[in-house]
Amino acid sequence: MPGTRGLRRASMLVAALGALVVVTACGTGGGGGGDDQGDGRTIRIGYQAFPSGDLIVKEKGLLEKALPDHTIKWIKFDSGASINTAFVAGSVDLAAIGSSPVARGLSEPLNIPYRVTWVLDVAGDNEALVARDGAGVKDLGDLAGRKVATPFSSTSHYSLLAALDKAGVDASKVDLLDLEPQDIVAAWSRGDIDAAYVWLPTLDELGKTGKTLLSSRELAAADKPTLDLGVASTAFIDKQPEVIAAWRKAQAQALDLIHDDPPAAAEAVGKQLGISPEDAAAQLKQGIFLKPAEQADDKWLGRPGKVGNLAENLHSAAEFLAGQKQIPAAPELSELEKAVYVEGLSDAVSG
């Protein structure tokens, strides 16, 4: 007969899998079909509509040009939680996802077999906590008893919990609502919520009638950084490492464009987001983008034989989530180091 801890973990797993079934059935952009699995020529990429090099890769068809013998299937998702769902369902091969949902995905009860292959960006002012005008919220201390929305299991959710913890506000005293970005805008316009922690471009929309209380840049300075990462299923990496190499080179081209030709980068991102190049340029400036060669630095992914500090970042995020009772326990650091894929990285980002 299993012990109490075993029963608790088993029940959490059942609950998690039940939620995954619901999200796969009802969520938008779930990519739930498995019809492309196994042919080896269709690459299913999960992406999110936030300003990043990933949107440049998509807009300019960089991966399609690099892999003409493959079919590239781009699948849009609204949050990292739905991307984790898709990986559990075997519906995507690669994806753009935040560091907090990655930490959750690599932990019990999900234990998703994927690995981090790239750092898309470090969250700065492109992700923030905003209070609605007229809600009477002047600072974080005013959030007790208020309705605050964020997509659960996202980097914004992690940052919101970290912000409340930093301000000494008991999260259980806040009415936290799990809403996707487009639903946050609707609830905000109706006056149904008092504040929200979310990312661009939704953040810009809320900022028109709201006040920023705190940004992810400030949390990063307080040792609670969040990142947007590229991940790929372990099985896909093992079977097609050459595709990962091509994907990394395409992402490196996109980062170079952001640094070397900002107007061209803004034009590509603007087309994907349906906004003007000027607005896209302003949004890109709010994120922190590495140079391609920095990917292999000790501070980030690292290199074979010496995984970088990204593993420590994921471990810190997992420990915080465990402390907030979002997951049962954080994985060992050694397990998270194995989840950072550094093989071939130096070749992909050099020259």
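Leu-214 is buried, with a relative accessible area of 8%, where buried means under 20% relative accessible area, exposed over 50% and partly exposed in between (1.4 Å probe, protein chains only). This leucine is found in strand S9, residues 210-215; helices (H or I, at least four residues) and strands (E, at least two) are DSSP runs numbered from the N terminus. The model is a predicted one, in which local features need pLDDT of at least 70 and side-chain atom pairs count only at pLDDT 80 or more, while totals for chains, interfaces and linings use all residues. Residues are numbered from 1 along each chain as its sequence is written, and side-chain values use heavy atoms, with hydrogens and water left out.

What does Leu-214 touch, not counting residues up to four places away in sequence? Its partners are Ala-128, Leu-129, Leu-140, Ala-163, Tyr-197 and Leu-219, a contact being heavy atoms within 4.5 Å. For one of these partners, Ala-163, the C-alpha atom is separated from that of Leu-214 by 7.9 Å, although the two residues are 51 residues apart along the chain.

Leu-129, touched by Leu-214, also appears in the description of the largest nonpolar core, as one of the residues with the most contacts inside it. A nonpolar core is a set of buried Ala, Val, Leu, Ile, Met, Phe, Trp, Tyr and Cys residues joined through side-chain atoms within 4.5 Å. The largest one here has 109 residues, and Leu-63, Val-102, Leu-129, Leu-143 and Leu-314 have the most contacts inside it. Helix H11, residues 241-260, gives the most to this core, with ten residues. In soluble globular proteins, nonpolar side chains tend to be buried together. Leu-314 offers a good example of the contacts: leaving aside residues up to four places away in sequence, Leu-314 touches Ser-99, Val-102, Ala-103, Leu-106, Val-116, Leu-229 and Leu-336.

Aromatic rings come next. The structure holds three aromatic pairs; rings of Phe, Tyr and Trp (its six-membered ring) pair if their centres lie within 6.5 Å, and planes under 30 degrees apart count as stacked, over 60 as edge-to-face and the rest as tilted. Phe-87 and Tyr-114 form an edge-to-face pair, at 5.0 Å centre to centre and with 90° between the planes. This pair links distant parts of the chain, with Phe-87 in helix H4 (residues 80-89) and Tyr-114 in strand S4, 27 residues apart. Phe-87 counts as buried at 9% relative accessibility, and Tyr-114 is buried at 2%. Tyr-158 and Phe-320 also pair edge-to-face, at 5.3 Å centre to centre and 75° between the planes. Tyr-158 lies in helix H6 (residues 155-167) and Phe-320 in helix H14, so the pair ties together parts that are 162 residues apart in sequence. Tyr-158 is buried, with a relative accessible area of 3%, and Phe-320 counts as buried at 11%.

The backbone has some details to look for as well. A cis peptide bond, with omega about 5°, joins Glu-108 and Pro-109, and Pro-109 lies in the loop between helix H5 (99-105) and strand S4 (114-122). The peptide bond from Leu-200 to Pro-201 is cis too, with omega near 0°; Pro-201 sits in the loop between strand S8 (195-199) and helix H8 (202-207).

Asp-223, although not a glycine, has a positive phi of about 70°. Asp-223 lies in the loop between helix H9 (216-221) and strand S10 (227-233) and is exposed, with a relative accessible area of 59%.
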